[in-house]
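Got the viewer open? Here's a short tour of what to select next and what you'll find there.

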Amino acid sequence: MSDTVYTGARDALIVVDVQRDFCPGGSLPVPSGDEVVPVINRIVPYFGRWIYTRDWHPADHVSFSGCPEFRDGSWPPHCVQGTPGADWCPSLDMPMNAILVSKGDDPKHEAYSGFQVGGLDLAEFLRRHMVERVFITGLATEYCVRQTALDALAAGFTVFLVKDAVRGISAEGAEHALGEMEEAGVVRIRSDQMVDTGERPAPSHHEHEDPIDPD
Ligand code: VGL
Ligand code: ZN
């Protein structure tokens, strides 16, 4: 499809798990995972709202295995809290007012999506900030990207998957997940179809409140 998609005030960019362990050289590398970085960096300025999720596991997370099978429930240790592998990928741009969501921090539970985090209702947060459409980017297509897209859809958002800004662990797994997402109603686009209108959300009450009373 080659239609132009105009971004503006009611849109949010979601950047999923662009962390060192998911890039070449990391403990759970996604082939060419680092290639999403320049694409994400190019479209970051098209938005006024940004959510960055990160995998943030304790060292004894339930998904970790000593002899990993590289499937759901059996991963090598990755993105352990406070370790270099959990860091954002080098040169990933991040606006200073981006929202950061850590997930998978409960040792006993897997969490592939930022919409599955206890103590945070991400969908309600986005609605309160007048977000209607989300644009999904990041790693990995068939796990955290897929779950984030399906959860966003279930929460009532219009969901775009920016195809050149995601990478999968396996080619077949990624292709299957893309089909599944499209069938559910996710719209697949490329970053070069995106055009910024320059329209931005009005500052919310909090944002233009004076933090300090000069009197
Ligand atoms: C992910 C496997 C395990 C992901 C996270 O970010 O897609 N995959 N943990
Ligand atoms: Zn994980």
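**The whole chain**

Start by showing the protein chain whole: of its 215 residues, 41% count as buried. Keep in mind as you click around that this is a predicted model.

Switch to cartoon view and color by secondary structure. You should be able to pick out five helices and eight strands. Trace the protein chain from the N terminus and the elements come in the order β-β-α-β-β-α-β-α-β-α-β-β-α. The radius of gyration is 17 Å, close to the 17 Å that the globule rule gives for 215 residues, so the chain is as compact as a globular protein of that length. Along the principal axes, the C-alpha atoms take up a box of roughly 60 × 50 × 30 Å.

If you like contact maps, here's one for you: among contacts with a separation of 6 or more, 78% are between residues 24 or more positions apart.

**Helix α1**

Now select residues 36-43, which form helix α1. Show side chains for V36, V37, I40 and I43, the buried residues of this helix. Look down the axis of α1: these buried residues fall within an arc of 140°, so they line one face of the helix. An α-helix has 3.6 residues a turn, so residues three or four places apart point the same way.

What lies over that buried set? Add β2 (11-16), β5 (133-139), β6 (158-167) and β8 (194-196), which are among the elements covering it.

**Ligand 1**

Last stop: center on ligand 1 and select D17, F22, D55, W75, L139, A140, Y143 and C144, the residues around it. Color this shell by class and you get six nonpolar residues, two charged and no polar ones.

Technical notes: Residues numbered from 1 in each chain as written. Chains lettered and ligands numbered in written order. Predicted model: local features only at pLDDT ≥ 70, side-chain atom pairs only at ≥ 80, totals over all residues. Near = placed C-beta within 6 Å. Nonpolar A, V, L, I, M, F, W, Y, C, P; charged D, E, K, R; others polar. Helix = DSSP H or I, 4+ residues; strand = E, 2+ residues; numbered from the N terminus. Rg over C-alpha atoms; globule rule 2.2 N^0.38 Å. Buried ≥ 20, exposed ≤ 12 C-beta atoms within 10 Å, placed from the backbone. Contact = placed C-beta atoms within 7 Å. Arc of directions from axis to C-beta.
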